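Thanks for coming, everyone. I'd like to walk you through one model today. Have a look at it first.

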Amino acid sequence: MSSRIATNRTKTPAPRRAAREDARSELVIDFERYVPTVLSSLVAKLRANANAFFPQAYGVSLAEWRVLSFLREHEPASAYDIWTNAQLDKAVVSRETTSLRKKGLIELTPVRGSARNRTEIRLTSQGVALLDRSLDETLRRHSNLTAGLDAKALESFFRVVAHIEHRIPHMADQTSNAVPAHAPVKRIAKRRPPTGA
């Protein structure tokens with residue numbers, strides 16, 4: 001009996017199996033858990049949905065609605081104010097302000113004495129009315145999007161987003177070679193022989 005127990009204690013089959021499994025498989029990125037890809041996909045789907053909704057419902061693009069919404073809180077503002085504070089591309093702001101002016105939703109007023117020909121942008125009464133009409137529907141869409149999440153879950157989500165944004169400049173930092181347990185990787189069967197085989 002004792003010799004049988006001793007024999008069982010000395011057996012180490014698990015590492016051998018793991019080694020054989022490693023020889024038949026390899027690590028690849030699991031893009032369903034790779035944060036940059038997950039976020040990019042989510043943003044693309046949200047943008048596509050909004051770009052289909054706003055032109056049909058209100059006759060403006062998503063970017064135009066973003067400009068109008070920024071002005072509602074911060075007018076008068078310059079184009080520089082908009083693209084630096086509303087997370088919109090400079091060329092997009094230029095294009096959309098031109099379009100919004102033609103639609104009669106904003107007005108541009110040159111600032112007298114400005115060395116750089118600065119222009120102030122304000123909402124017209126039509127622009128204000130459009131935002132008023134869109135408010136309830138925008139809130140309804142947001143409520144539908146976040147249905148099933150309570151206030152605590154949403155606060156956690158915003159903290160995670162803020163943390164990720166803060167960590168972006170550190171993506172190239174040198175770290176240990178150890179792969180954390182939550183790393184976005186998975187094993188697949190090897191599809192080609194090892195190099196040099």
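Start with Pro76, in the loop between H4 and H5. This is a predicted model, so please keep that in mind throughout. The peptide bond from Glu75 to Pro76 is cis. Its omega is near -5 degrees.

Now move along to the next loop, between H5 and H6, where you find Gln87. Gln87 is not a glycine, yet its phi is positive, about 55 degrees. Is Gln87 buried or exposed? Exposed, with a relative accessible area of 65%.

Leu88 is found in that loop between H5 and H6 as well. Its relative accessible area is 11%. The cut-off for buried is under 20%, so Leu88 counts as buried. What is Leu88 in contact with, once we set aside its neighbours within four places in sequence? Ala63, Arg66, Val67, Ile82, Trp83 and Val93. Take Val67 from that list. Leu88 and Val67 are 21 residues apart in sequence. In space, C-alpha to C-alpha, they are 8.6 Å apart.

Next, helix H6. H6 covers residues 90–102, which is 13 residues. From first C-alpha to last, H6 reaches 19 Å. That is close to the 18 Å expected at 1.5 Å a residue. Which residues of H6 are buried? Val92, Val93, Glu96, Thr97 and Leu100. They cover an arc of only 120 degrees around the axis, which puts them on the same side of H6. And what covers them? The cover includes helix H4, residues 62–74, and helix H5, residues 79–85. It also includes two strands, E2 at 106–110 and E3 at 119–123.

Look at the two ends of H6. At the N-terminal end, Asp89 is the cap. A side-chain oxygen of Asp89 lies 3.0 Å from the backbone nitrogen of Ala91. After H6 comes Gly104, with a positive phi near 80 degrees.

Let me pick out one residue in H6, Thr97. Thr97 is buried, at a relative accessible area of 7%. Where does the polar part of its side chain go? A polar atom of the Thr97 side chain lies 2.8 Å from the backbone oxygen of Val93. Leaving aside neighbours within four places in sequence, Thr97 is in contact with Val67, Ile106 and Ile121. So Val67 turns up twice, in contact with Thr97 and in contact with Leu88.

On to the aromatics. How many aromatic pairs does the structure hold? It holds 7. Take Phe54 and Tyr58, which form a tilted pair. Their centres are 6.3 Å apart, with 40 degrees between the planes. Both residues lie in helix H3, residues 35–58. They are 4 residues apart, about one turn of the helix. Phe54 is buried, with a relative accessible area of 4%. Tyr58 counts as buried too, at 15% relative accessibility.

Now set Tyr80 and Trp83 beside them. This pair is edge-to-face, at 5.3 Å centre to centre and 80 degrees between the planes. Why edge-to-face? Because planes over 60 degrees apart count as edge-to-face, and here the angle is 80 degrees. Tyr80 and Trp83 are 3 residues apart in helix H5, about one helical turn. Tyr80 is exposed, with a relative accessible area of 52%. Trp83 is partly exposed, at 28%. Remember that Trp83 is also one of the contacts of Leu88.

There is a cluster to note as well. Ring pairs link Phe53, Phe54, Tyr58 and Trp65.

Let me zoom out to finish. The protein chain comes to 8 helices and 4 strands. From the N terminus, the order is α-α-β-α-α-α-α-β-β-α-α-β. What share of the 197 residues is buried? Buried residues make up 19%. The chain exposes about 15,100 Å². Carbon and sulfur atoms supply 55% of that area.

One last number, on contacts. Count those with a separation of 6 or more. Residues 24 or more positions apart account for 61% of them.

That's my tour. I'm happy to take questions.

Terms used: Residues are numbered from 1 along each chain as its sequence is written. This is a predicted model: local features need pLDDT of at least 70, side-chain atom pairs count only at pLDDT 80 or more; totals for chains, interfaces and linings use all residues. Side-chain values use heavy atoms; hydrogens and water are left out. Buried means under 20% relative accessible area, exposed over 50%, partly exposed in between (1.4 Å probe, protein chains only). Contact means heavy atoms within 4.5 Å. Accessible areas come from the Shrake-Rupley method with a 1.4 Å probe; for residues, only the protein chains shown count as cover. The expected span of a helix is 1.5 Å times one less than its number of residues. The arc is that of the directions from the helix axis to the C-beta atoms. A polar contact is a pair of N or O atoms within 3.5 Å; within protein, one must be able to donate a hydrogen and the other to accept it, and residues adjacent in sequence count only if both atoms are side-chain atoms. Rings of Phe, Tyr and Trp (its six-membered ring) pair if their centres lie within 6.5 Å; planes under 30 degrees apart count as stacked, over 60 as edge-to-face and the rest as tilted.
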